[in-house]
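Reader: I'd like to learn how to read this one feature by feature. Could we start with strands and take the rest from there?

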There are 2 protein chains.
Amino acid sequence: MRKEPGSVSALERIGQRRSNTLTSIAKEAIEEMIITGELSAGDRINESALATRFNISRGPIREACRSLEHAGLVRNVTNQGAYVREMKLDEARELYEVRRALTALVGQLLVERASDELLDELEQLVDQMSKAADEDDLDSYYSLNLEFHDTMMAGAGNASLARYYDDIVKQLHLFRRRGLVQRGNLHASNAEHRHIVEALLQRDATAASERLSDHVMAGWQRMVEAS
Amino acid sequence: MRKEPGSVSALERIGQRRSNTLTSIAKEAIEEMIITGELSAGDRINESALATRFNISRGPIREACRSLEHAGLVRNVTNQGAYVREMKLDEARELYEVRRALTALVGQLLVERASDELLDELEQLVDQMSKAADEDDLDSYYSLNLEFHDTMMAGAGNASLARYYDDIVKQLHLFRRRGLVQRGNLHASNAEHRHIVEALLQRDATAASERLSDHVMAGWQRMVEAS
DNA sequence: AGGCTCTATGTTGTTAACAGTTAACAATTA
DNA sequence: TAATTGTTAACTGTTAACAACATAGAGCCT
């Protein structure tokens, strides 16, 4: 078997496999296609087409789809194939409710377990986000926001929780009503962040979980209103 | 077109044939083997052996294992195969924390959405459990307890939440320190149930979620202490 | 004995081919 | 024209075979 020069990134990774199996590579590739929107909700996933595109056989792709099915990103219909899951409004609301509960738990755990250094870090991130908001730098705000939530999740020290949370966030990408964060909402959103960090600094579990809960639901409102 | 006596089930049979792919059958079979303990934590799942045992080929079994991997019941190691997941104490504690958060959410949702009829039903179940506890009828208590929690979950009206909850409960079967409910604990456990229903009847969201939360963690304590 | 290489065997990863189903389209009929 | 019926092409479900890898054990050396 020889390597062709102009191959896509996925193809390259297939070439240099040793620890990674084709299934896991296919899974990540398809997952990324879904999250980036290259495949959008309702689209059919053609096994043969994907297989030839990746220069592999259908087996690994079928396995990947099974995994993604349980992750809620793909829907398998017998004799008809795999479709990218369509996320209705009600389903998204359901997921946001679960997200809210998990986020509240993060708050409780952080109050118990967060080191002072981690809280410092969170404060700094809020400051940086404030600056980004002032400058209307949406990209920076977006990635800082991600880092803020990742830092909190890491501090909670519960890997299962983190996995479920990631799962839900990925599924919510299927509910695209555009605009993740609207311009005018940046300061409002960050005010909530600051409020959250204050509760954490005071080691107030009730306040922390309540404010995180509110933050999630406010995000839901912002998303829905930006229809 | 006339209706034949036996043709009523034709549509059903077609529907079953549609939904029953070998993969889904294998998945349910393996899942059951894991939950019942026929396969216990750490056991290796031999694809070929299972395939010959089920009289099918390895393909569907591999797909089933991929699905179960994402469900947290199976662990896949490259070039080495699938193992039944081993659940360490810390992982079980993590899952119980998530379970606690989800259960608290059930309480909040029930306060908002539960019909009076459903609350009646819950009250009756508590009474029946009390009777079963008096008679030391462990089996009855066990199934009533299941029904109690299922009823609450159904009343919460959130299918995603229910799926995640089920997932977690299935995983926790891998953490077998025997004794699900100890004899002496039946009345204690049911007192918590009654306490929960009271909060629901008063439509007190805070109390309901707090008591459900406590109930889960008490269950964890009972399980750990029954080492 | 203890440790090493090397072979043999079984198991997994991957592929290709076959069989059954679906869906779209052409052909037929009224 | 509209509806129904063949017909075909494409796709999925499943299987069987091949290649790559891992493990256990025999034999060998020190």
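Author: Sure. The general idea for strands: two of them pair if DSSP finds at least two bridges between them. Keep in mind that this is a predicted model. Here, strand 2 (residues 74–77) of chain B and strand 3 (residues 81–84) of chain B run antiparallel, joined by four bridges.

Reader: Which residue of strand 3 of chain B is the bridge partner of Asn76(B)?

Author: That's Ala82(B). The two strands form a hairpin with three residues between them, and Asn79(B) in the turn has a positive phi of about 60 degrees.

Reader: Next, how are the two copies related?

Author: For copies, you superpose one on the other by least squares on C-alpha atoms. A turn of 180 degrees with a shift of 0.0 Å along the axis lays chain B on chain A, at an RMSD of 0.1 Å. The two copies are thus related as by a two-fold rotation axis. They also meet through the same surface, because 96% of the interface residues of chain B are interface residues in chain A too.

Reader: And which residues are closest to DNA strand D?

Author: For a DNA strand, look at which residues have a C-beta atom within 6 Å of it. DNA strand D is surrounded by 18 residues, the closest being Glu47(A), Gly81(A), Leu22(B), Ser57(B) and Gly59(B). By type, the residues of that surface are three nonpolar, twelve polar and three charged. Helix 3 (47–54) and helix 4 (58–70) of chain A each supply at least two of its residues, as do helix 2 (22–36) and helix 4 (58–70) of chain B.

Conventions: Residues numbered from 1 in each chain as written. Chains lettered and ligands numbered in written order. Predicted model: local features only at pLDDT ≥ 70, side-chain atom pairs only at ≥ 80, totals over all residues. Least-squares fit on C-alpha atoms with pLDDT ≥ 70 in both. Contact = placed C-beta atoms within 7 Å. Nonpolar A, V, L, I, M, F, W, Y, C, P; charged D, E, K, R; others polar.
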